Every structure is written in structure tokens, then in C-alpha cells.
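Biologist: I've just opened this one and don't know my way around yet. Could you walk me through it?

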Amino acid sequence: MAAIGRRATPADPTPHLTPEDQIPARLVRSLPPELGPNAVAVLQAHTFMYSDVVGNVSAGSIGGLVHDDTRFVDRWELTLNGAPLMVLRSGQEEPSAAAFFLTNPELPGLPANHVGVRRQRFVDGGLHERIGLQIFTGEPVPIELRLTVGTDFADLFEIKETVRDRSAQITRAHASDGSRLVFTYRNDTFEARTVVEAHPAASRVDGDALVWDLRLAPGQEWECEVHVPLRARPEELRPPSRPFDEVFGRGATDRRAQWRAILPKLCSDNEMLHRTWEQGAMDQLAIQIEVRRLRQPGIFPAAGTPWFLTLFGRDTLITAYQLIGSGPRLPREALQSLAGEQGRKVDEFRDEEPGKILHEIRSGELTQLGIKPHNPYYGTADATQLWLILLSEYWRWTGEDEFVRGLRDNAYAALRWIDEYGDLDGDGYVEYATRSPQGLGNQCWRDSWDGIRFADGSIPVLPIATCEIQGYTYDAKLRLAELADGPLQDPELARRLRAAADELRDRFNRDFWIDDRGGYYAVGLDGDKQQIDSMTSNMGHLLWSGIVPPDRAAVIARQLMSEDMFSGWGVRTTSAAERGYNPIGYHTGTVWPHDNSIIAHGLARYGFRKEANRIILAMLEAATFSNYRLPEAFSGYDRSHSRAPVPYPTACSPQAWSAGAPILFNRILLGLEPRNGQLTLDPDIPEQIGRITLTNTHAFLKLWNLEARGTQGHIRPSPEEFHFAPEP
């Protein structure tokens with residue numbers, strides 16, 4: 001029976017549905033089996049392999065080989081004489097490749113550390129692994145090398161939830177000569193196949209294991225290669241597989257260097273800034289994917305590895321905003337591709353509405369069979385406004401009037417969605433509440449079930465209007481008014497939008513402001529229009545959008561930098577004073593680099609450069625503890641708690657908007673902004689950073705060079721030519 005009297009909340013967004021109507025997929029494993037703190041991921045395009053530090057994947061873990069949202073390998077365990085190997089060193093060689101240097105434990109007839117094992121692994125059109133052995137004993141020794149393989153063909157959604165047992169539908173056709181293992185799965189129209197090829201062939205096949213029976217002389221070297229080719233979909237562009245020597249050899253072509261050559265170049269007296277910038281730029285390459293199943297195909301940074309190796313509306317738009325000075329391709333393709341998938345009808349299962357920008361697109365079994373609504377899913381209340389914000393920002397940085405005019409209908413459709421569909425109850429605010437049995441309960445950036453809470457820890461009822469979404473709406477309307485006065489040539493629309501934005505600002509500052517605790521903004525209004533009174537980092541997004549009156553900006557800056565909000569490494573998502581605070585809760589106390597980049601930009605917008613710089617320096621220092629890569633999030637423990645930021649246990653790394661944060665941090669330090677067709681510089685660079693030079697940054701389809709120290713700097717056109725040629 002349907003629930004009687006129970007109201008919808010983000011934790012239970014569809015209580016009105018009967019169990020028969022609900023699709024049982026909301027059971028999430030809060031702490032799935034771990035691969036260890038030094039787990040190794042290699043990735044390329046839509047493919048990743050996630051293993052422990054030895055290179056192994058145990059059945060039942062969150063690891064394995066995943067391609068296009070399907071797990072093709074869920075067990076990949078290498079043993080020597082029946083025992084697991086010990087790690088000497090392992091890690092990425094590049095984003096798509098890793099090496100594992102291992103040795104044997106103490107075994108009968110084989111002393112410890114007398115067999116050297118090297119595993120070299122990369123993904124490129126599939127998984128490729130080379131296993132090499134070298135013996136350091138005084139006499140020949142028998143070696144049994146066993147690679148045990150398994151697959152559950154799990155959909156990506158299941159890997160972190162509950163994996164359905166498909167064993168009865170998986171057939172095997174292993175080669176008796178040891179050359180290959182073959183697993184095949186079919187369910188209705190969905191079909192998947194895993195082939196494991198061995199060169200040289202194994203001595204025998206034992207169940208689902210390839211076994212090499214070897215007898216190696218002292219000093220003898222032996223190696224084999226194992227390949228798992230992945231059949232690409234017709235719409236995918238797949239690069240040819242590379243030989244191992246090209247990937248791992250000294251003369252290997254460094255695709256990262258080729259990518260780096262076309263990006264702006266930053267030099268700084270401060271190694272933290274320089275190396276964090278460089279790592280962010282390289283991570284953008286690592287997670288680039290080509291999505292060809294869109295109406296308007298494009299190349300984008302995936303949201304993050306390993307779980308979000310796909311196109312997200314919100315993540316892509318914010319990342320494109322962060323990287324706007326690095327070139328026009330990413331924001332241009334993001335705008336066009338997301339416009340091509342803009343909602344066209346009301347589809348409750350997918351939370352689709354006319355004019356709405358998508359949240360996420362997937363292509364695994366559950367999506368293909370219509371069990372999940374992600375083809376694409378539209379459950380986001382902020383991506384539509386962010387699309388308008390990016391359209392405006394793109395125009396401000398390029399001046400491309402024709403491009404904006406080409407997206408006029410999409411911009412107007414986005415505006416209609418905000419006013420007609422986004423405002424669920426006609427109160428002038430954009431709210432969210434899913435109508436899908438598989439829909440998200442929270443549809444703002446804090447989209448975990450407990451991401452929005454009252455100060456006492458309780459969960460609000462739906463629909464919810466979060467504060468930052470109103471800020472985005474305010475900014476989007478003002479920006480669209482600017483475009484209406486400019487390339488869209490619609491002065492009447494510009495007048496109406498400015499009036500609507502003014503009215504929203506006044507009403508918002510009346511309804512969301514809380515005088516208690518020195519004054520702050522509620523994180524949202526619930527379905528009864530009660531203020532959701534927890535203090536959160538979303539206040540910083542309000543500064544970014546400009547909806548905060550100048551007389552309240554200093555109050556918000558002070559709150560954000562208070563001991564309860566600022567951990568010493570960055571601003572927490574939730575104040576430590578709230579009952580629901582948890583320093584290792586996904587949105588309830590962690591520190592997110594992308595969140596902090598938006599907050600810092602907002603602080604700088606209102607003139608709080610000292611506070612913005614404090615955040616930037618803290619973030620750069622945090623990056624030094626993770627090889628200059630900022631992860632998706634880290635724990636919100638106070639800096640006095642540990643000398644290094646405490647990792648968040650399942651953070652994506654790399655992640656697109658975390659990789660984009662250092663690029664936006666640099667823009668903030670330099671005060672780099674396009675204004676009235678001119679690129680302006682207003683630096684405020686801390687003494688710890690010193691001098692910054694930026695070569696070949698992009699603006700107005702030209703390249704620019706700049707140099708700054710402290711509050712002084714200059715900017716000039718670059719002598720190099722700009723070669724961007726957009727598709728017609």
C-alpha cells in the first residue's frame with residue numbers, strides 16, 4: 001500500500017507510490033568493501049580500471065573494469081604459488097597507465113623477496129596488462145602464476161548499491177588451450193561480452209582462472225600479456241590500442257604534453273600554485289570523453305572518476321566557467337550539446353520539462369532497459385540557470401554575437417522553464433521535488449539525501465527552494481537582460497528581466513535572511529515555506545551570484561571565515577555548530593574545492609580579497625598532500641586536528657570541477673575579468689605567491705600575455721596567433 005500521511009522528503013521523495021510502483025534501487029551501501037587508501041585507477045574516455053595497490057580486484061568490491069557504465073570485470077586477482085603478492089611500489093604512470101612492482105612473501109621452498117613481479121597496465125580500447133617475472137634464487141624453482149577473473153556485468157548504479165545476481169544468465173566459452181576466457185551475458189535487448197586473451201597462452205584453464213605452470217632458472221625473465229578488448233558502440237570514437245613500449249617506453253609520446261601545448265601557460269614564484277595549476281590542466285585531459293550519442297556531439301571533461309565518468313549538466317557548466325580563459329572550445333561545446341538535449345516535453349519518469357537542462361546521462365543496462373531514467377535524466381533545479389550564466393560568460397569573453405543569436409530559442413526556453421516549471425507553487429522561487437520513482441530527492445548541488453537539513457539535523461519536506469538556486473536565477477536573469485540589450489536585440493525583454501531580478505532580490509533578502517547567530521542566509525525554504533536554518537557554504541554562492549546587498553556581504557564573509565565554517569583547509573559545506581554536522585559526511589561538513597572556488601570568487605566580487613586569498617592559499621597547501629591534485633572533497637576536520645587534510649573516503653579523483661578550481665583561483669588572484677570588450681587586470685596577490693605570469697590566455701578570440709605581482713600588473717596581446725575555428 002502507498003504510505004498514508006507521510007510527506008515527501010529528500011530521504012523519501014515518493015512516499016505516495018506503492019511498493020509495486022517503486023523500483024527497488026535505493027538501497028545504497030554506505031561503506032562498500034574498500035580497495036584501500038592507495039587504490040589505483042587508470043582511465044580513458046568511458047573506460048576505467050579500479051584496483052587495490054597490488055593491482056588486484058576482489059569479488060564483491062567496488063573495483064573492476066568498467067566501460068560505458070557496465071562492469072566487464074569484477075574480479076582480477078594475481079597470485080604466485082597460491083599466495084597474494086606484496087607491493088614494493090605502485091601508482092599511475094599517466095592517467096591511462098599504471099605500474100605495480102611486487103614480490104613474493106615467504107612460501108614453501110621459496111624465500112621471501114626472491115621473485116620480482118612487474119605489472120604494467122593501461123586502458124585504450126580495452127584493458128591491457130603485461131606481467132613480468134624475474135627469479136633471484138640459486139636454483140630453478142617451480143612457479144604457478146594464476147590470474148583469476150570474474151564478471152558480474154553490473155550496471156554502474158549497482159556497484160555502489162546492490163548488485164543483482166546475474167550468474168544464471170552468464171555463459172562461459174573458455175578456450176581449452178588456455179588462450180582466452182569468454183563470458184557472455186544477455187538480458188532482453190541488452191548484451192555484453194567479456195573476452196580475456198592471453199599471450200602466451202596459459203598452461204591450463206582452471207574454472208575462471210588462467211594458470212601458467214613455469215619452471216624458471218636463476219636470473220631468468222618471463223613475461224606475458226593479457227588483453228580485455230572492449231567492443232565499442234557504433235557511435236563511439238575509439239582510438240587504436242597502443243603497444244606497451246609506446247605507453248611505458250622512454251620514447252613514448254606524451255599526450256599530456258601535446259594537450260598542455262595548446263593551453264595557457266602559468267609561471268609563478270610559488271611552486272604550490274604552479275604545480276596545482278599544471279595538475280588541474282592535466283586532469284582535464286585525463287577525464288575528457290567524447291559523447292557522440294547526443295543530438296549535438298561534443299568532447300567534455302567527465303564529472304569525475306571512477307563513478308561519474310559521464311556528462312553532467314551542472315558539473316560540465318561549472319567546469320566550463322572555471323576554464324573560460326583557457327580557450328573557447330569547452331564552453332562552446334558544452335553550451336551547444338546541452339542545448340541539443342534541452343527538455344522538450346513533460347516526462348515524469350525522467351523529471352523532464354520543456355526548456356530544462358539535463359542532469360546526467362548514462363548508457364548501462366538499467367538505462368537501456370528503461371529501469372533507470374538516465375537517457376538522459378533531468379533531475380536538477382540549477383543546471384538551466386547555470387547554462388544561461390555560461391552563455392553570458394562565453395559572450396563576455398569572446399564577443400561572439402552570432403553564436404549567442406544561434407542559441408536564442410534555447411535561452412528563451414530556459415527562461416520559460418525557470419518561470420513556468422521551476423516555480424512549482426507560483427511563489428516566485430525555483431523549487432524542486434521529483435515525480436520519478438527513481439528521482440533524486442535533492443536536486444541542488446548538495447544532492448545526497450541528507451545534503452539539506454535543519455540546524456537540529458532533521459530533514460525538510462519537499463518541495464525545497466535552496467538559497468543558491470535563487471541566486472543563480474537572479475544572476476541568470478540579469479545576464480540574459482545584458483544579452484537581450486546586446487546580441488539578442490530585445491530591449492523589452494531586458495527591461496522585464498531587470499525588473500524581475502530586482503523584485504527577486506528584494507523578496508529573497510526578506511524571506512531567506514535569519515537574524516540569529518549574527519545574521520546569515522537559510523540554506524532553503526521547505527515545502528511549508530519554513531526557513532531551513534542550517535548554516536552552509538551555499539552562502540558563498542550567493543556572493544558569487546551578486547544577490548547579497550552590500551551591507552550584508554561583510555556579515556556573510558565573516559560567517560564563512562568563522563571557526564565553525566572555515567576548517568583551515570577551506571570552507572566546510574556545513575557549519576560545525578549544526579547538530580547534523582559530520583566532517584566525513586558527503587555534504588554535511590566536508591570541504592569541496594569547487595565549492596571553495598565559487599566562494600572565493602564571490603568574496604572577491606564584493607571586495608573581500610584578503611578572505612578570498614586565505615581560502616586560495618589553504619586550498620593550495622591542501623593540494624600539496626595529494627601530489628598537487630585537489631580531490632572531489634576532503635574531510636572537514638579542523639586543521640589543528642591533523643597536519644594534513646584528512647581524505648574523504650570515497651572521493652572522486654580526478655574530478656572535473658576540482659581540477660578546474662586552481663584555474664579559477666588564479667583568475668581570482670589576478671582579478672582577471674572581461675569588461676566591455678576589454679580584458680582587465682586587478683591583481684591582489686599574497687606575498688607568499690609572489691610573481692605570476694600567464695601566457696596565451698584566451699579572450700575575444702585572441703591570445704593575451706600578462707604579468708602581476710602584489711597589486712601591480714600589466715596585460716598585452718600575445719604575438720602568437722589564435723587558431724580556433726568553430727564548427728559552423
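Modeller: Sure, and keep in mind that this is a predicted model. With 728 residues, a compact globule would have a radius of gyration near 27 Å, and the chain agrees with that because its own value is 27 Å.

Biologist: What size of box do the C-alpha atoms fill?

Modeller: Take the box along the principal axes of the chain. The C-alpha atoms then fill roughly 85 × 70 × 55 Å.

Biologist: How many helices and strands does the chain have?

Modeller: Both kinds of element are present in this chain. The count comes to 17 helices and 30 strands.

Biologist: What share of the residues counts as buried, and what share of the contacts joins residues at least 24 apart?

Modeller: Buried here means under 20% relative accessible area, and of the 728 residues, 61% fall in that class. For the contacts, take those between residues at least 6 apart in sequence. Of these, the share joining residues at least 24 apart is 64%.

Biologist: How much area does the chain expose, and what part of it comes from carbon and sulfur atoms?

Modeller: The exposed area is about 27,800 Å². Carbon and sulfur atoms supply 49%.

Biologist: How far apart are the mean positions of the positive and negative charges?

Modeller: The chain carries 77 positive and 98 negative charges. Their mean positions are separated by 2 Å.

Biologist: Let's pick out a helix. Is α8 mostly covered or uncovered, and which residue follows it?

Modeller: α8 runs over residues 383-398, and its 16 residues reach 22 Å from first C-alpha to last, close to the 22 Å expected. It is mostly covered, with 15 of the 16 residues buried. Right after it comes a residue with a positive phi, near 70 degrees: G399.

Biologist: Is N410 buried or exposed, and which residues does it touch?

Modeller: N410 sits in helix α10, residues 408-422. Its relative accessibility is 18%, so N410 counts as buried. Not counting residues up to four places away in sequence, N410 touches A339, Q342 and W387.

Biologist: And how far is N410 from T680 in space?

Modeller: Along the sequence, N410 and T680 are 270 residues apart. From C-alpha to C-alpha, the separation is 30 Å.

Biologist: Which residues of α12 are buried, and what covers them?

Modeller: α12 covers residues 491-511, and its 21 residues span 30 Å between the end C-alpha atoms, close to the 30 Å expected. Its buried residues are L493, A494, L497, A501, L504, R507, F508 and N509. An α-helix has 3.6 residues a turn, so residues three or four places apart point the same way. The cover over the buried residues of α12 includes α10, α11, β22, β23, α13 and α14.

Biologist: Which residues is N509 in contact with, and how far is its C-alpha from that of P549?

Modeller: N509 belongs to α12, and at 10% relative accessibility it counts as buried. Leaving aside neighbours within four places in sequence, N509 is in contact with Y521, I547, P549 and R552. N509 and P549 are 40 residues apart along the chain, while their C-alpha atoms are separated by 8.2 Å.

Biologist: Where are cis peptide bonds found?

Modeller: Most residues other than glycine have a negative phi, and most peptide bonds are trans. One cis bond has omega near -5 degrees and leads from L462 to P463, with P463 in the loop between α10 and β21. Another has omega of about 0 degrees, and its P654 lies in the loop between α16 and α17. That second bond joins S653 and P654.

Biologist: What is phi for K529, and is that residue buried or partly exposed?

Modeller: K529 is in the loop between β24 and β25. Its phi is positive in a residue other than glycine, near 65 degrees. With a relative accessibility of 34%, K529 counts as partly exposed.

Biologist: What about phi for N627, and is N627 buried or exposed?

Modeller: N627 lies in the loop between α16 and α17. Its phi is also a positive value in a residue other than glycine, near 55 degrees. At 64% relative accessibility, N627 counts as exposed.

How values were computed. Residues numbered from 1 in each chain as written. Predicted model: local features only at pLDDT ≥ 70, side-chain atom pairs only at ≥ 80, totals over all residues. Heavy atoms only, no water. Helix = DSSP H or I, 4+ residues; strand = E, 2+ residues; numbered from the N terminus. Rg over C-alpha atoms; globule rule 2.2 N^0.38 Å. Buried < 20%, exposed > 50% of the residue type's maximum accessible area, 1.4 Å probe, protein only. Contact = heavy atoms within 4.5 Å. Areas by Shrake-Rupley, 256 points an atom, 1.4 Å probe, with all protein chains shown as cover. Lys, Arg positive; Asp, Glu negative; His and termini not counted. Charge placed at Lys NZ, Arg CZ, Asp CG, Glu CD. Expected span 1.5 Å × (residues − 1).
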